[in-house]
Amino acid sequence: MDKVYKEIESALIHGGIYGDKTTGSVNVPIYQTSTYEQLALGKNTGWEYSRTGNPTRAALEALIAELEKGVAGFAFGSGMAAITAVLSLFKSGDKIIISSNVYGGTFRVLDKVFKNFEIKYSIEDTTNLEKLEKSLSPDVKAILIESPANPLLTITDIAKVSELAKKHNILSIVDNTFMTPYLQQPITLGADIVIHSATKYLGGHSDLVAGLVVVNSDKLAEKLAFIQNATGGILGPFDSFLLIRGIKTLGVRMDRHVDNAEKLANYLLNHPLVKNVYYPGLASAQGYEVNKSQAKNGGAMISFELKENCNIKTFFSELKLIALAESLGGVESLVCHPATMTHASIPYEIRQKVGITDGLIRLSVGIENVNDLQNDLEQAISKSEEK
């Protein structure tokens, strides 16, 4: 259909490949097929084999490309499959710079897998542009950042890092999982590649695992399409359908997620038993002004630390409504312990250096009633105090 809308709230529902022209269905069908009958030798309908292309997956890929304002999108079987595909753009001897706190799985795949192919990495403070530029040795081919970063919600200036990358003829890669294109669009800020663990906010219901990549050029699109087809880590048609469905409600969900998060961040900030609160939407937060310039708001992830006289194990065990679980971005609130869960693959010394302490708690704020969430936090924090 013609794009008669201008705003992202409409694009979430009508973007990409909308509906089905054959039947008039407003939903893209689930093309649960592995192969396609050829019209004749050397002649097909545009579809040959579902690893190479599937109409349901293609609708999702067109949708995320439109939402991120990129040239092309690619759907993978997980966020890590998406990151692996992007890292497969590089060759032996290349070096990737990563932010000083990123998802543990990103660190692990670089440290334990790509290092075997002599692709190197270094961990840098990407918030310090002067120091970052000094770290750009000739073998550096990309800067991979998260903003906000996982789990300390550190803010990096995406536009300035992208500008720096262009100056040195290297790629800028942004993991936009925490913000989603509803709150932040890195390609419009100059980034070359955007990655999502679509398992999180884009799916939104903790019922699928998926990864998405969007690129800003035909050249990168051609390379990623080859890698996706050659390595085969694709997203299946049913999960593609579920992800399209999840994206349709992204706007209304994120509005509620963020509204709850802002209230809980302020509650935690003023709590006598809370030592530190990390939330980009707080005026006192690191990078608050930068985040305000590049994102719609502070998002819905909060990290915090209790004071020394609190028992963190008691806190986790006393939560009644908020679930202790890996992942984030679902409609339900989830809490985790990064040091032993999401970031356990990062060595202790590195965790301590970048601030991922054993007392750090990460909270993915859901869309429940905010008073119920605050009451659950309050009773668990109160019981954790050792008197």
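In this predicted model, the axes of helix H2 (residues 55-67) and helix H9 (residues 237-248) come within 8 Å and cross at roughly 35°. The crossing of H2 past H9 is left-handed. On the H2 side, the residues that meet H9 are Thr56, Arg57, Ala59, Leu60, Leu63 and Leu67. Their partners on H9 are Pro237, Ser240, Phe241, Leu243, Ile244 and Ile247. Sorted by class, the H2 and H9 contact comes out as 9 nonpolar, 2 polar and 1 charged residues.

Leu243 turns up again in the nonpolar interior. The largest nonpolar core runs to 64 residues, and Leu243 is listed with Ile302, Phe304, Phe315 and Leu377 as having the most contacts inside it. Helix H10 (residues 250-269) is the biggest giver here, putting 8 residues into this core. A second core, separate from that one, has 30 residues, among them Ala72, Phe107, Ile193 and Ile195. As for Leu243 itself, once neighbours within four places in sequence are set aside, its contacts are Leu60, Ala198, Leu202, Gly203, Leu208, Ala210, Leu212 and Leu235. Leu60, as it happens, is one of the H2 residues that meet H9.

H10 also packs on helix H14 (residues 370-384), with the two axes 10 Å apart and an angle of about 30° between them. An angle under 35 degrees counts as roughly parallel, so H10 and H14 are roughly parallel to each other. H10 goes past H14 in a right-handed crossing. From H10, the contact takes in Asn260, Lys263, Leu264, Tyr267 and Leu268. H14 brings Val370, Leu373, Gln374, Leu377, Glu378 and Ile381 to the contact. Split by class, these residues are 7 nonpolar, 2 polar and 2 charged. Leu377 of H14 is also among the residues with the most contacts inside the largest core.

Another helix pair is H3 (residues 79-87) and H4 (residues 104-113), whose axes come within 10 Å and cross at roughly 45°. That angle makes H3 oblique to H4, and the crossing is right-handed. Met80, Ile83, Thr84 and Leu87 of H3 are up against Gly105, Thr106, Val109 and Leu110 of H4. This contact has 5 nonpolar and 3 polar residues, with no charged ones.

H4 is mostly covered, with 7 of its 10 residues buried. The buried set is Gly104, Gly105, Thr106, Phe107, Val109, Leu110 and Asp111. Phe107 is one of the residues of the second core. The cover over these buried residues includes H3, strand S2 (95-99), strand S3 (120-124), strand S4 (140-146) and helix H13 (348-354).

Away from the helix pairs, Asn176 sits in the loop between strand S5 (171-175) and helix H7 (180-183). Despite the loop position, Asn176 has 0% relative accessibility and so counts as buried. Leaving out residues up to four places away in sequence, Asn176 touches Glu68, Pro181, Gln184, Pro186, Val194, Ile195 and His196. Ile195 also belongs to the second core. Between Asn176 and Asp239, the separation is 63 residues in sequence and 20 Å in space, taken C-alpha to C-alpha.

Definitions and conventions
Residues are numbered from 1 along each chain as its sequence is written. This is a predicted model: local features need pLDDT of at least 70, side-chain atom pairs count only at pLDDT 80 or more; totals for chains, interfaces and linings use all residues. Side-chain values use heavy atoms; hydrogens and water are left out. A nonpolar core is a set of buried Ala, Val, Leu, Ile, Met, Phe, Trp, Tyr and Cys residues joined through side-chain atoms within 4.5 Å. Buried means under 20% relative accessible area, exposed over 50%, partly exposed in between (1.4 Å probe, protein chains only). Helices (H or I, at least four residues) and strands (E, at least two) are DSSP runs, numbered from the N terminus. Contact means heavy atoms within 4.5 Å. Axes are lines fitted to C-alpha atoms, for helices over the stretch in contact, and angles run from 0 to 180 degrees between N-to-C directions. Angles under 35 degrees count as roughly parallel, over 145 as roughly antiparallel, 65 to 115 as roughly perpendicular and the rest as oblique. A crossing is left-handed if the near helix is turned anticlockwise from the far one by less than a right angle, and right-handed if clockwise. Ala, Val, Leu, Ile, Met, Phe, Trp, Tyr, Cys and Pro count as nonpolar, Asp, Glu, Lys and Arg as charged, and the others, Gly among them, as polar.
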